[in-house]
2 protein chains.
Amino acid sequence: MKCLQLLQSRILGSCGRSRAHSPLKNYNRLSSTTTNSQAVLQKDLKSLFSNPPLENSFVQTQGWIRSVRSMKKIAFVDLSDGTTFNSIMIVTSPEIAKDLQTGSSIMAKGSWVKSKGKNQLYELSVTKPEDLQVIGNVEENYPLQKKFHTAEFIRSLPTLKFHTSKLSTVMRSRSFMEYKLQEFFQSENFIKVNPPLITGSDCEGAGELFQVESASVVAKKLANPQDKQITPFFGKNSYLTVSTQLHLEILAQSLSKVWALSPCFRAEASDTNRHLSEFWMLEAEIAFVDKVDQLTWFSERMIKHVINGILTNENGALDNLLKNSKRSKEELLEIENRLKVLQDNNKNWYQITYNEAMDLLLSSGKNDWKYLPPVRGSSLSTEHEKYLTNEVLKAPVFVTDYPKDEKAFYMKINPDNETVACYDLLFPVMGELIGGSVRESNYDVLLKEIERRQMSLPDLQWYLNLRKNGSVPHGGFGMGFERLVSFVCNIDNIKDAIPLSRSIDNCDC
Amino acid sequence: MKCLQLLQSRILGSCGRSRAHSPLKNYNRLSSTTTNSQAVLQKDLKSLFSNPPLENSFVQTQGWIRSVRSMKKIAFVDLSDGTTFNSIMIVTSPEIAKDLQTGSSIMAKGSWVKSKGKNQLYELSVTKPEDLQVIGNVEENYPLQKKFHTAEFIRSLPTLKFHTSKLSTVMRSRSFMEYKLQEFFQSENFIKVNPPLITGSDCEGAGELFQVESASVVAKKLANPQDKQITPFFGKNSYLTVSTQLHLEILAQSLSKVWALSPCFRAEASDTNRHLSEFWMLEAEIAFVDKVDQLTWFSERMIKHVINGILTNENGALDNLLKNSKRSKEELLEIENRLKVLQDNNKNWYQITYNEAMDLLLSSGKNDWKYLPPVRGSSLSTEHEKYLTNEVLKAPVFVTDYPKDEKAFYMKINPDNETVACYDLLFPVMGELIGGSVRESNYDVLLKEIERRQMSLPDLQWYLNLRKNGSVPHGGFGMGFERLVSFVCNIDNIKDAIPLSRSIDNCDC
């Protein structure tokens, strides 16, 4: 063991990377070219803009070229690194800029100076050729030249599309909104949990399922289609979840207040602007809740917390959305309007019952419905929801107490025995953003409803059993996160609200 | 339209739920029993303990009974609601407590008084029978009585297990750690993204895959095994991702700094303490990184940010871990030691090369390896990793520069052409916690490596193409989130680090 100790002291005595202010600085055992500063990340543009260097100091930046404009005596290179909507204008000579191309990655060093330009505060003055280096070139015919591209065209370039200011803005907004949601739930004493994605049953019946099986079991089955002995990986058929709610109820039944932001899956064969096969759903489940009002009020506060963060420009969130030269004035104005409609702090959002919503729709006089007209007793279609919010109310609205047969089995039936203690939050343009309800917490009542609906009791027995021991009134809701992102960012196709979308025939990269 | 306007004003004029301080208070259109206070959630125990009510004020609480102790003149009911490790002691008469049982949910109202007990600051004095109501009873033979239960037994009760203080503590810790990670990445200007879970290829070859198919396509195939015309939902075979890294690289290639906390899936048939079929992986990908040191230093800061939040008892995180009467003193001491080993701020974690790790292992004199002994040129096994961290270094260690054939195709090959610019972070007890590397960013070099390994080029073409336009040096890492949770919470089986685990033959609820 002596030998080991000697070796240990030889190696460990000199361990530790060399870093700024490290007491181990003298034990730098890495190559001598590795200085302290080389163990930190390069400074990103967001840091440079939020904590600007001293004027005229020498600064290094790196990123991708958005555009190059060369004139007789001067050249402007617009450089972005994606961490902020802001780009840095590199001012240099036409000679230095002569081979630069949109889309290339470069490293540039120069003086940090106040800009005379209208659209940026600072610019980088690069004077020496060796201070501007191309890191990665682009191919000839690089598709994202500085001109207008349709959303469809951009979507067809999945590995390049985030170089567009529109989609990088959406990604930054999405990230900020998730951060604000996390902050909200943390401040409300909720526990974030990760319920399982693979489930043994389709409990909610909310659309087409994806089935999951180990690839080697699938291969075995293909090779021996007659062999009934091949057992599934999980011992039974398994599926990707359509909602984590039922599992969240387990957790709420002990931890009181839980939430999840989790992928959910629906194998719907339709390929629309509104549907994804794989999407992220925010779900919350709360114990000791017995009134829909508790849930609607909570949902409203949750969304307003996010919107408030944007409107106060926290972390540059409002600038990120609005300071986007590539979008039309109308598009940007629409974003502003949407945020204002949501936020008006002196006014709570509307809340009406399903029956009142029907009153409004049926008496509207509208008779040119594109699809089915509203019928009392049937659910609201997206067209009805949009008409209600866009035309009648011009605002978000909670619609409560739908007919029980239009909603899921677990919702608490109201004393009228006709409606359930549920709500949908309808947004202008989007239609349904949130759906939630008080859950039935009585074993016998829930059992009766499962039987009335002729659902599979064995699959639901564990869920039903939650009502056997220490059952409490509880409720919760689910919100399609991409829908919120789409609404706030004013994008028409939900495929643009998630980095790489999945839908029928669409799983390419 | 006049009719609609009248109806609108009738309904909308009286819209708005009744809430505290709401200007719409007079328009309460809900039942008269709905008062303002009824639209808010019940106060949870965490709120009560962090903002205690005035002494002797009348307070309502609710939760689940952990234990009941009745004596001649007095009874103690220990009540928990899961939002905090703290429970509230209800002091009442044996008469009032006589039918109460462990596991039942109750609502209790009483005076909030300073406690004379050693283990709690406050208690609730309940004097009237009607102030203590059972919400939900338990069955006879309720399994979680106040006595010692093995982890296996508790795990066998998935719908009840979070009533145990051990597992509810894990859930609260996990939630807190995720919050701190989100905070860290936000402060570092990273953008959180959600890469797809369903992918068209097994790019990394990291273990067995799950295959995904629409349930209706599976059913069609079963019914017509000979029919080759049935097309997959996505137009080709698709799988659940084993790592989001390749997609993260798309995003880093435009947004510079991205991270994800995402479910990943491996269909491994082995059922051990260390493996899950479905687990959550934190992955980060960073542009303009060309040195492993940048990644190890960043990883260390990330974990220390989380640990620091715990050690400073932010949000009660340290109390949550340590004030747990149901765990042995040894277990709690071990948690303290682990946190201290990680945090020592005056000391950076060790960083050695793979070759130096081999030197230490081969010269250790140890010859009673349970599995294969270490061999230079081969990877480190979990046994080697644990020996290195538990016995030799007694600390976490970054091991860098593994032989290239032991690592993935995308890692940047070092100038020696033998090793790659990679690292594993090894933790005592756990073994590997993080794996990361600088990625090869040159198209031709990466193509050569894909060919050398005889991998499927068509599947990887989009990934390779990322190196065609504006390619930049970059790197990243992945961390198994449940491993960090297991380490911090000192739990032996990773199945206890996730709410409801999935593994072979285990998908029951």
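This report describes the symmetry and the interface of a two-chain predicted model.

Local features require pLDDT of at least 70 and side-chain atom pairs count only at pLDDT 80 or more, whereas totals for chains, interfaces and linings use all residues. Residues are numbered from 1 along each chain as its sequence is written, chains are lettered from A in the order in which they are written, and side-chain values use heavy atoms, without hydrogens and water.

A turn of 180° with a shift of 0.0 Å along the axis lays chain A on chain B with an RMSD of 0.0 Å (least squares on the C-alpha atoms of residues with pLDDT of at least 70 in both). The two copies are therefore related as by a two-fold rotation axis. Within chain A, the residue closest to this axis is A:V212, at 2.4 Å (C-alpha). Both copies use the same surface, since 100% of the contact residues of chain A recur in chain B; contact means heavy atoms within 4.5 Å.

The interface totals are as follows.

| Quantity between chain A and chain B | Value |
|---|---|
| Contact residues from chain A | 153 residues |
| Contact residues from chain B | 153 residues |
| Buried area | about 12,800 Å² |
| Salt bridges | eight salt bridges |

Buried area is the accessible area (1.4 Å probe) lost on putting two parts together, summed over both; carbon and sulfur atoms give 60% of it. A salt bridge places a side-chain nitrogen of Lys or Arg within 4 Å of a carboxyl oxygen of Asp or Glu. The side chains of A:K236 and B:D508 form a salt bridge at 3.9 Å, N to O.
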